[in-house]
Amino acid sequence: EAAARLEVERDTFRLYGHEFTRVPVRLVDDTGGSSRPHGVRITSAPRALLEVSGNALACRREGVTTVQLELEQHRTPLVVKCRFARQILTESHLELQPGGPPRPLGGVAVFSSGDSEVVRPISAVSSDSSAVAIRNGSVVPLAIGHAGLRIDFGGVHGRMSVEVRHTLAD
């Protein structure tokens, strides 16, 4: 019989700025059911690289380290990579149709060196969940309306407006 375990949605937790970002962790039980647990602690975080507040991390400088996530007797390691982006480029406005396909959220982090990398959000929140939902890192148009999104790319936050409406032609 398998024991419950902590799981993180990514193998490497990438942070691109100085703001605190909650680590997306789930507790998976022996039947496969999962929940978002409260009381997860982050330990073994080198203070020179990371700041810890509850289950959130913020980078002090660039680098890579491994921290431990702990909840009661459950522990799991997490690789954390800090790299400061000069900016994260994203779309500022989306127009979608009600019941249309989900649209993945993402952006491009641009660094002072001039290089860039594609980034996925760690979390996003919709101002109107009856018009627009966020599921698995994608915008899901539900009903006609408008919503503002607040997107956390790991220490850097972005905003996007979403309009859900019927269109006659693309």
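**An all-strand chain with one disulfide and one aromatic pair**

With a relative accessibility of 4%, Tyr 16 counts as buried (buried meaning under 20% relative accessible area, exposed over 50% and partly exposed in between, with a 1.4 Å probe and protein chains only). The structure is a predicted model, in which local features need pLDDT of at least 70 and side-chain atom pairs count only at pLDDT 80 or more, while totals for chains, interfaces and linings use all residues. Residues are numbered from 1 along each chain as its sequence is written, and side-chain values use heavy atoms, with hydrogens and water left out.

Tyr 16 belongs to the one aromatic pair found in a search of the whole structure. Its partner is Phe 111; the ring centres lie 6.2 Å apart and the planes meet at 35 degrees, so the pair is tilted. Here, rings of Phe, Tyr and Trp (its six-membered ring) pair if their centres lie within 6.5 Å, and planes under 30 degrees apart count as stacked, over 60 as edge-to-face and the rest as tilted. The pair links distant parts of the chain, 95 residues apart: Tyr 16 sits in the loop between strand 2 (12-15) and strand 3, and Phe 111 in the loop between strand 14 (107-110) and strand 15 (116-119). Phe 111 is buried as well, with a relative accessible area of 2%.

Turning to the chain as a whole, the protein has zero helices and 20 strands, where helices (H or I, at least four residues) and strands (E, at least two) are DSSP runs numbered from the N terminus. Of its 170 residues, 41% count as buried. The C-alpha trace spans about 55 × 50 × 20 Å along its principal axes.

Strand 14, which precedes the loop of Phe 111, has pairing partners in strand 11 and strand 15 (two strands pair if DSSP finds at least two bridges between them). Three bridges join strand 14 to strand 11 (residues 87-89) in an antiparallel arrangement, with Gln 87 as the bridge partner of Val 110. Strand 15 also runs antiparallel to strand 14, through four bridges, among them the one between Val 108 and Val 118. Strand 14 and strand 15 form a hairpin with five residues between them, and Gly 114 in the turn has a positive phi of about 100 degrees.

A second hairpin is built from strand 17 and strand 18; two residues stand between the strands, and Asn 136 takes a positive phi near 50 degrees. Four bridges join these antiparallel strands, and Arg 135 has Ser 138 as its bridge partner in strand 18. Strand 13 (residues 103-104) is likewise antiparallel to strand 18, with two bridges, and Arg 103 stands opposite Val 139. In a regular strand the side chains alternate between the two faces of the sheet. Strand 18 (residues 138-141) is covered on both faces, with Ser 138 and Val 140 buried on one side and Val 139 and Pro 141 buried on the other.

Towards the start of the chain, an open sheet of three strands has the order 1-4-5 with antiparallel pairing. Strand 1 (5-8) and strand 5 (34-35) are the edges; each has a single partner strand, so one side of each is left without a neighbour in the sheet. Strand 4 (residues 25-28) and strand 5 are joined by two bridges, and Leu 27 stands opposite Ser 35. In the loop between strand 5 and strand 6 (41-43) lies His 38, which counts as exposed at 72% relative accessibility. The C-alpha atoms of His 38 and Gly 54 are separated by 9.7 Å, with their positions 16 residues apart along the chain counted as their separation.

The structure holds one disulfide (a pair of cysteine sulfur atoms within 2.5 Å). It joins Cys 59 to Cys 82, with an S to S distance of 2.0 Å, and is left-handed, with -80 degrees about the S-S bond. Cys 59 lies in strand 8 (residues 56-59) and Cys 82 in strand 10 (residues 74-82), so the link ties together parts 23 residues apart in sequence. Both ends are buried, Cys 59 with a relative accessible area of 2% and Cys 82 with one of 3%.
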